[in-house]
Structures are given as structure tokens and as C-alpha cells.
Amino acid sequence: MFVLELTYTAPLDAVDAVLEAHVTWLDEQYEKGLFLASGRKNPRDGGVILAVAGDRARIEEIAATDPFVVAGVCAYRITEFAATKTAPELARHRETPG
């Protein structure tokens with residue numbers, strides 16, 4: 001499992017200019033089963049995405065296609081972690097400590 005932290009690197013008007021394309025991209029990742037949750041940070045200086053994928057390289061590939069990244073308005077910080085305890089709704093994503 002991965003936590004993707006987005007930090008805006010451009011003014012909000014530049015971010016907002018790409019927001020619709022970013023939301024469409026988010027929807028596509030949810031449809032593929034890759035994203036579990038997402039939203040804006042408060043204060044609005046970026047966002048957070050909770051994601052699942054086979055490996056970090058795949059998550060990095062996906063993040064690189066974000067319209068925010070393509071437009072140069074945000075940077076990603078990707079943190080991988082082992083979800084050894086989850087809410088029942090996320091049980092299929094649990095990992096056994098090893």
C-alpha cells in the first residue's frame with residue numbers, strides 16, 4: 001500500500017486550470033482499483049492519495065501520468081507501507097508481517 005502526498009509547486013490558479021483533468025485521472029485510477037481514498041490537504045497546499053499496486057515502480061509510473069505532474073503544478077512524495085491492520089472494508093489489502 002502507498003501514501004501519495006501531493007505538494008503544489010505552482011499558484012492555485014495554475015492548479016485549478018488543470019483540476020478537471022486531474023479529477024478525471026483520479027476517476028480512472030479508482031475504476032482500475034488502484035486508488036482507495038483521496039482528497040485535498042487542509043490548508044490547500046496539495047493532496048493525499050491512498051493507493052495499492054504491485055510495486056513502487058508501478059505507483060511511480062501512475063503518478064507520472066497525473067495531469068498535475070504533466071502540467072508541472074505539483075510534486076509527489078510516495079511512501080510505501082505494509083497495511084497489517086485495516087478496517088473490514090480494506091481487509092483484502094492487509095499484509096502479513098514477515
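Trainee: Which residue is the bridge partner of Phe-2 in β3?

Mentor: Let's take the general idea to begin with. Strands (E, at least two residues) and helices (H or I, at least four residues) are DSSP runs, numbered from the N terminus. Two strands pair if DSSP finds at least two bridges between them. Here, Phe-2 has Ala-51 as its bridge partner in β3. Strand β1 (residues 2-8) and strand β3 (residues 46-51) run antiparallel and are joined by six bridges.

A word on the source: this is a predicted model, where local features need pLDDT of at least 70 and side-chain atom pairs count only at pLDDT 80 or more, while totals for chains, interfaces and linings use all residues. Residues are numbered from 1 along each chain as its sequence is written, and side-chain values use heavy atoms, with hydrogens and water left out.

Trainee: How many bridges pair strand β2 with β3?

Mentor: Five, and the sense is antiparallel, with β2 covering residues 35-40. One of the places to look is Ser-38, whose bridge partner in β3 is Ile-49. Five residues lie between β2 and β3, and the two form a hairpin.

Trainee: Now for empty space. What is the volume of the largest pocket?

Mentor: Rolling a probe the size of a water molecule over the atoms shows where empty space is left. On a 1 Å grid over the protein atoms alone, a pocket is an open set of points where a 1.4 Å probe fits, with protein on both sides within 12 Å along at least five of seven lines; lining residues have an atom within 4 Å of a point. Points are joined across faces, edges and corners, and the volume is the space filled by probe spheres set on them. In this model, the largest pocket has a volume of about 170 Å³. It is lined by 14 residues, and the closest to its centre are Tyr-8, His-22, Leu-26, Gly-39 and Arg-40.

Trainee: Which elements each supply at least two residues of that lining?

Mentor: They are β1, α1 (12-31), β2 and β3. By residue class, the lining has eight nonpolar, five polar and one charged. Ala, Val, Leu, Ile, Met, Phe, Trp, Tyr, Cys and Pro count as nonpolar, Asp, Glu, Lys and Arg as charged, and the others, Gly among them, as polar.

Trainee: Is Lys-41 buried or exposed?

Mentor: Buried means under 20% relative accessible area, exposed over 50%, and partly exposed in between (1.4 Å probe, protein chains only). Lys-41 counts as buried because its relative accessibility is 19%. Its place is in the loop between β2 and β3. The side chains of Lys-41 and Glu-5 share a polar contact of 3.0 Å. Such a contact is a pair of N or O atoms within 3.5 Å; within protein, one must be able to donate a hydrogen and the other to accept it, and residues adjacent in sequence count only if both atoms are side-chain atoms.

Trainee: Where is Leu-34 found?

Mentor: Leu-34 is in the loop between α1 and β2, and it counts as buried at 13% relative accessibility. Contact means heavy atoms within 4.5 Å. Leaving aside neighbours within four places in sequence, Leu-34 is in contact with residues including Leu-50, Arg-58 and Ile-62.

Trainee: Which helix does Ala-63 lie in?

Mentor: Ala-63 lies in helix α2 (residues 56-64). At 4% relative accessibility, this alanine counts as buried. Not counting residues up to four places away in sequence, Ala-63 touches Trp-25, Val-69, Tyr-76 and Ile-78.
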